[in-house]
Amino acid sequence: YHLRLGVDKSMFNAEKRDRAGIESAYGIPPGRIALLFVGRVDVGKNIYTLIGAMEKLIAEGLPLHLIVAGVGPASDDVAKRLGSHASLPGFVKPPELARLYASVDALALSSEVEIRSMAGVEAMASGCPVLVSRKSGVHELFNNTPAMQPVDSGIENWTNALRNFASSPEKQKAMCDAARDYCQNHLASWRDVLAEDLLAVWNKAAEERQRKAA
């Protein structure tokens with residue numbers, strides 16, 4: 001049985017956008033391209049590939065900024081290597097995470113091992129473009145929507161992908177529009193998933209059990 005991708009749309013939606021608010025709260029100078037990383041900050045989430053790519057682009061002069069929503073052993077390395085181009089708030093509660101998704105320019109989903117990425121679902125529901133590891137297969141869960149750009153493994157590929165995204169306002173807008181369209185047409189609310197999917201399965205199982213018991 002296939003369960004639809006569901007998300008709490010009352011929590012995660014594009015109306016939570018507050019760009020000026022997050023720039024103030026996270027010390028992001030106006031004009032920077034704000035990227036969001038969500039998850040455990042460690043090797044397993046491939047954070048060092050993302051750091052390496054950002055280091056190269058910052059050295060080129062691209063105005064990138066990374067917000068790291070999570071905790072982990074690599075947090076100190078992020079702070080040391082990216083300096084004022086990174087904000088590390090640690091664990092972020094869902095209401096604030098919703099504001100971040102809706103306000104940043106993109107989610108950087110660099111992990112190469114993902115089973116069912118809730119970060120990807122929440123970002124899409126918030127109208128947030130996603131750059132995602134091709135190896136993870138996450139983009140395939142979303143029917144290869146143009147709101148998600150798959151990126152091949154390695155620092156060089158992530159560098160090129162981030163450069164192309166940051167350098168093209170047209171691409172940013174197109175991916176944002178595609179995310180909102182995908183949310184409207186393909187993402188179900190948790191209420192719908194419960195009422196139309198889960199309850200239907202439970203009721204069918206209960207009827208079958210009653211039939212066998214009769």
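Biologist: In what order do the six strands of the open sheet run, and what is the sense of their pairing?

Modeller: Happy to walk you through it, and bear in mind that this is a predicted model. To read a sheet, go across the strands rather than along the chain. Here the order is β4-β3-β2-β5-β6-β7, with parallel pairing. At the edges sit β4 (86-90) and β7 (148-151), each with pairing on one side only. From one strand to the next, the twist averages 25°.

Biologist: Over how many bridges do β6 and β7 pair?

Modeller: Strand β6, residues 130-133, is joined to β7 by four bridges in the parallel sense. As a landmark, look for Leu131, which stands opposite Gln149 in β7.

Biologist: Next, the helices. Which strands does helix α1 touch?

Modeller: For a helix on a sheet, look at the contacts and then at the angle. Helix α1 (residues 19-26) packs on the sheet through β2 (33-38), β3 (64-69) and β4, and its direction makes about 80° with that of β3. Helix α4, residues 94-103, lies across β2, β3 and β5 (106-109) and runs at about 140° to β2.

Biologist: Which residues touch the most other members of the largest nonpolar core?

Modeller: The general idea is that nonpolar side chains tend to be buried together in soluble globular proteins. In this model, the largest such core has 35 residues, and Leu36, Tyr101, Leu107 and Met124 touch the most other members. Elements giving two or more residues to this core include α1, α4 and α8 (169-186). Helix α5 supplies the largest share, five residues. A second, separate core has 28 residues, among them Phe37, Ala74, Val78 and Met175.

Biologist: What does Leu107 touch, leaving out residues up to four places away in sequence?

Modeller: Its contacts beyond that range include Leu36, Val38, Tyr101, Ala123 and Leu131.

Biologist: Let me try single residues. Is Thr145 buried or exposed?

Modeller: Compare its relative accessible area with the cut-off: buried means under 20%. Thr145 has 7%, so this residue is buried. You will find Thr145 in the loop between α6 (138-141) and β7. Not counting residues up to four places away in sequence, Thr145 touches Met124, Ala178 and Tyr182.

Biologist: And why does Leu162 count as buried?

Modeller: Leu162 counts as buried because its relative accessibility is 2%. This residue lies in helix α7, residues 155-166. Again leaving out residues up to four places away in sequence, Leu162 touches Leu35, Leu50, Ala53, Met54, Leu57 and Leu131. The C-alpha atoms of Leu162 and Val151 are 9.4 Å apart, with the two residues eleven apart along the chain.

Note on methods: Residues numbered from 1 in each chain as written. Predicted model: local features only at pLDDT ≥ 70, side-chain atom pairs only at ≥ 80, totals over all residues. Heavy atoms only, no water. Pairing = 2+ DSSP bridges. Axes fitted to C-alpha atoms, helices over the stretch in contact; angles between N-to-C directions. Contact = heavy atoms within 4.5 Å. Core = buried A, V, L, I, M, F, W, Y, C linked by side-chain atoms within 4.5 Å. Buried < 20%, exposed > 50% of the residue type's maximum accessible area, 1.4 Å probe, protein only.
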